[in-house]
Amino acid sequence: MTIKEVEQEIVEEFAIFEDWMDKYEYLIELGKNVPVISDGAKLESNLIKGCQSRVWLDAEFKDGKIFFKADSDAIITKGIISLLIRVFSGRRPKEILEANLDFIKQIGLQENLSPTRANGLLSMIKQIKAYSLAYAAKEESSK
Amino acid sequence: MENRSSINNIRTLFPALNQRVNGKKLVYLDNGATSQKPLSVIELVNEMNSGVNGNIHRAVHELSAKTTSLYEGARDKVKNFINASQREEIIFTAGTTASINLVASSFSQKYLNPGDAVLVSEGEHHSNIVPWQMACDRTGATLRVLPLDDNGCWRLDLLDTLLDSSVKIVSVAHVSNILGVINPIEKVIERAHSLNIPVLIDGAQGIVHSRVDVQKLDCEFYAFSGHKMYGPTGTGVLFGKYHWLEKLPPYLGGGDMIESVSFEKTTYTQPPLKFEAGTPNFIGMAALGAAIDFILQIDTELASKNEKEIVEYVLKEFSAIEGLTLYGQHSQNKIPLFSFTVKGAHPTDLAMLMDKMGVALRSGQMCSEPVMDRFGTESMLRASFAVYNTLEEAKIFILSLKRAIKMLT
């Protein structure tokens with residue numbers, strides 16, 4: 001599946017929820033199933049500090065693909081993280097760099113990515129793109 | 001019942017309260033951050049922007065005369081409101097932060113040297129920490145910290161060991177923005193004065209919930225914001241004892257603060273204008289005068305009765321919620337402000353869910369990281385009530401909190 005197709009899948013899943021309450025309950029559920037970083041690996045170096053909540057992000061480059069693990073101390077943030085990981089993890093750097101994440105807006109969670117929220121999510125996406133850029137450059141130079 | 005209808009009368013003066021958020025009736029409980037504005041304030045701002053607008057203190061035309069008299073009239077209102085002994089002791093600023101920065105900058109230029117110290121408390125807002133750290137960095141002075149006890153109260157038993165002749169100024173909050181505790185500033189002022197040390201009081205929260213009498217307090221400086229006391233954003237006050245204002249060098253240079261200017265030498269005018277360089281927010285300050293008129297019209301007996309009911313109700317409900325920790329002592333010496341955490345539910349998650357239910361709260365570090373560290377938490381959730389909040393709203397707050405906790409745990 002392409003990133004676009006996974007995004008579409010998520011949009012359709014969220015379409016079954018009538019109101020925000022059900023939507024957030026689903027996010028909380030998703031938050032419980034994120035591939036988490038073990039406490040020992042929650043280093044200062046992979047911490048994205050927001051005023052509201054903290055996010056940890058770890059990336060591994062294997063066979064031309066990037067695999068992400070992440071965690072947050074806030075569960076709704078974590079639920080959104082799980083969606084981002086579902087979209088991004090196991091992708092080639094180029095695919096990640098081209099993705100524009102329209103689905104976040106379509107499922108009505110745009111406000112959570114606003115800079116004023118300071119929950120670390122926006123910085124996390126920037127960090128994911130930065131990793132992709134770095135790995136893309138690395139691939140290029142090893143050719 | 002009488003109580004409720006009277007508070008509802010106050011509510012009708014605040015158009016912002018009558019709105020729906022996320023489809024729900026707004027319950028605005030973030031008054032510690034900023035308050036909503038009454039019609040009298042809104043209308044004066046509109047009226048001035050629509051016509052009564054001329055730069056103050058510099059022209060002979062009618063509009064300038066009108067705005068100047070509204071601006072200077074507001075100074076008289078502030079003077080009376082806090083019982084300053086003369087109107088020249090009232091400096092208009094952009095807010096509490098600007099007021100504290102003014103003192104920290106001007107005072108340190110003249111009175112802080114290497115080896116000197118500034119005393120603040122562990123419970124301060126960043127605005128009463130960082131300006132002093134900056135002043136210490138510039139001058140080689142050090143920052144001393146009066147610790148908090150587990151109830152969020154000052155460790156007064158340590159005051160005598162912290163206060164000595166190397167302390168050149170004490171700068172502490174009247175009321176903590178996180179803990180809501182009304183601090184025993186009188187005691188600290190008295191102890192500091194016994195060593196001839198001047199005291200600045202950060203009154204951002206304190207000015208809203210009690211009547212302040214700066215002559216009775218006898219503090220050298222008292223700083224507060226307009227926007228938390230039903231006035232416009234970008235307005236603030238610095239009260240300073242006149243002889244101190246005379247001694248301090250000016251903060252910003254520019255128009256209105258000078259006596260005469262030449263390229264060889266400029267002399268400065270007297271306080272308060274010495275500290276009001278440039279065109280001030282004269283519309284905002286005039287409207288702060290209207291906010292003070294509003295506060296003076298509040299039936300204080302009714303307001304304190306309503307406040308007491310709310311505090312009793314919230315404390316009772318809180319004690320029944322499993323895993324809830326309330327920070328700051330639970331006694332009478334507190335404003336109606338509640339900072340808390342719930343085990344297993346992150347403050348941000350709770351705030352987001354409750355926002356969807358129409359309840360506006362503050363979550364996060366709330367501009368006081370040292371307080372978070374003191375109580376061993378990354379963030380808190382805060383509900384802060386104002387004069388227009390009702391017991392009914394407190395009930396909706398508790399209901400939505402319980403619902404959100406249930407969703408998260």
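**Chains A and B: terms and values**

Modeller: In chain B, 70% of the contacts between residues at least 6 apart in sequence join residues at least 24 apart.

Colleague: What makes two residues a contact?

Modeller: Their C-beta atoms, placed from the backbone, lie within 7 Å. The model is predicted, with local features needing pLDDT of at least 70 and side-chain atom pairs pLDDT 80 or more, while totals for chains, interfaces and linings use all residues. Residues are numbered from 1 along each chain as its sequence is written, chains are lettered from A and ligands numbered from 1 in the order written.

Colleague: Why is chain B called as compact as a globular protein of its length?

Modeller: Chain B has 15 helices and 17 strands, counted as DSSP runs numbered from the N terminus (helices: H or I, at least four residues; strands: E, at least two). Its radius of gyration, taken over C-alpha atoms, is 22 Å, and the globule rule (2.2 Å times the number of residues to the power 0.38) gives 22 Å for 409 residues, so the description holds.

Colleague: What makes helix 11 of chain B mostly covered?

Modeller: Of its 16 residues, 12 are buried. A residue is buried if 20 or more other C-beta atoms, placed from the backbone, lie within 10 Å of its own, exposed if 12 or fewer, and partly exposed in between. Among the buried ones are B:Phe282, B:Met285, B:Leu288 and B:Phe294. The cover includes helix 2 (39-50), helix 3 (62-81) and strand 4 (90-93) of chain B.

Colleague: How do you know that the span of helix 11 of chain B agrees with its number of residues?

Modeller: The expected span is 1.5 Å times one less than the number of residues. For the 16 residues of helix 11 (residues 282-297) of chain B that gives 22 Å, and the end C-alpha atoms are 23 Å apart, which agrees.

Colleague: Why is helix 2 of chain A called roughly perpendicular to helix 3 of chain A?

Modeller: The axes of helix 2 (residues 20-31) and helix 3 (residues 75-88) of chain A come within 7 Å and cross at roughly 75°. Axes are lines fitted to C-alpha atoms, for helices over the stretch in contact, and angles run from 0 to 180 degrees between N-to-C directions. Angles under 35 degrees count as roughly parallel, over 145 as roughly antiparallel, 65 to 115 as roughly perpendicular and the rest as oblique. The crossing therefore makes helix 2 of chain A roughly perpendicular to helix 3 of chain A. Residues in this contact include A:Tyr24 and A:Leu27 of helix 2 and A:Ile76 and A:Leu83 of helix 3.
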